[in-house]
Amino acid sequence: MNEKNTDSQAVQNFLMSRYEPVVASGTWKGLELFHRNNKYLLMALDPKSQKIMGRIIANKQGIPLAEAIDEYRFLLKVASDNSFQKGRLINMCLHVFGYFRNNLTNKQKADFLELLESYENGNSGIDPVIARLHQLTLVHDQTYLAEQTIFEFF
């Protein structure tokens, strides 16, 4: 991991700098797009908050947009106060990897899982794992994943 990016203040600054334009837009679409693009970064930080934030976006309770923006901001701060934990990062990586599992050879799958295991065992950082996922995203033209901020952050 990049040392400059691992503290919660850097994460919070990164996310809040992208959230403020959403607030300024004052639209559900802006809030939905923010959540969509930050889904895996939020999952790596705090999967519980990320799921609640998804429910806010789905707006099953029919809450007003202003209230949704405030609730979402609160949860965004809660999530970004967390530091990255190995188990959460691995879980997020496996979720992203799931997009490719049907398009890869057994050797390619094994190579990725070996890289992830090297991180899990403390033999390497998370950066090579994220880089491999980003490479797979581009090679397999996964537009949804290409827009994920997890690739910008690491």
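Between which two helices does the loop that holds Asp141 lie? I should like to open with that residue and then turn to the protein as a whole. Please bear in mind that we are looking at a predicted model.

Asp141 sits in the loop that joins helix 7, residues 127–139, to helix 8, residues 143–146. Its backbone deserves a remark: phi of Asp141 is near 50°, a positive value in a residue that is not glycine. As for its surroundings, Asp141 is exposed, because its relative accessible area is 63% and the threshold for that class is over 50%.

Let me now step back to the overall fold. The secondary structure of the protein consists of 9 helices and 0 strands. Read from the N terminus, the order of elements is therefore simply α-α-α-α-α-α-α-α-α.

On dimensions, the C-alpha atoms occupy a box of roughly 50 × 30 × 20 Å along the principal axes. The radius of gyration is 16 Å, and a compact globule of 154 residues would be expected near 15 Å, so the two agree. Of those 154 residues, 41% count as buried. The contact pattern adds to this picture: among contacts between residues at least 6 apart in sequence, 70% join residues at least 24 apart.

The surface comes next. The protein exposes about 8,100 Å², and carbon and sulfur atoms supply 50% of that area. With regard to charge, there are 17 positive and 17 negative charges, and their mean positions lie 5 Å apart.

I turn now to individual residues, beginning with two that are buried. In helix 7, the helix that precedes the loop of Asp141, we find Thr137. Thr137 counts as buried because its relative accessibility is 1%, where the limit is under 20%. Which residues does Thr137 contact, leaving aside neighbours within four places in sequence? They are Phe100, Gln142, Leu145, Ala146 and Phe151. Of these partners, Leu145 and Ala146 fall within the residue range of helix 8.

The second buried residue is Asn38, which belongs to helix 2, residues 28–45. Its relative accessible area is 2%, so Asn38 is likewise classed as buried. What does the side chain of this asparagine reach? The side chain of Asn38 comes to 2.8 Å from the backbone oxygen of Phe34. Setting aside residues up to four places away in sequence, Asn38 also touches Leu15, Gln148 and Thr149.

Finally, I would draw attention to three pairs of residues that are separated in sequence, each described by its C-alpha distance. The first begins with Asp7, located in the segment before helix 1, which spans 8–25. Asp7 is partly exposed, because its relative accessibility is 39%. Along the chain, Asp7 and Phe84 are 77 residues apart, yet their C-alpha atoms are separated by 8.4 Å.

The next pair involves Gly87, a residue of helix 5, which covers residues 86–97. With a relative accessible area of 54%, Gly87 is exposed. Its partner here is Ala44: the two are 43 residues apart in sequence, and 8.7 Å lies between their C-alpha atoms. Ala44 itself falls within the range of residues 28–45, that of helix 2.

The last pair starts from Ile52 in helix 3, residues 47–58. Ile52 counts as partly exposed, because its relative accessibility is 29%. How far apart in space are Ile52 and Glu71, C-alpha to C-alpha? The distance is 9.8 Å, for a sequence separation of 19 residues.

To close, I return to the main point: this predicted model shows a protein of 9 helices and 0 strands, with a radius of gyration that agrees with the value for a compact globule. Thank you for your attention.

How values were computed: Residues are numbered from 1 along each chain as its sequence is written. This is a predicted model: local features need pLDDT of at least 70, side-chain atom pairs count only at pLDDT 80 or more; totals for chains, interfaces and linings use all residues. Side-chain values use heavy atoms; hydrogens and water are left out. Helices (H or I, at least four residues) and strands (E, at least two) are DSSP runs, numbered from the N terminus. The radius of gyration is taken over C-alpha atoms; the globule rule is 2.2 Å times the number of residues to the power 0.38. Buried means under 20% relative accessible area, exposed over 50%, partly exposed in between (1.4 Å probe, protein chains only). Contact means heavy atoms within 4.5 Å. Accessible areas come from the Shrake-Rupley method with a 1.4 Å probe; for residues, only the protein chains shown count as cover. Lys and Arg count as positive and Asp and Glu as negative; His and the chain ends are not counted. The place of a charge is taken as NZ of Lys, CZ of Arg, CG of Asp or CD of Glu. A polar contact is a pair of N or O atoms within 3.5 Å; within protein, one must be able to donate a hydrogen and the other to accept it, and residues adjacent in sequence count only if both atoms are side-chain atoms.
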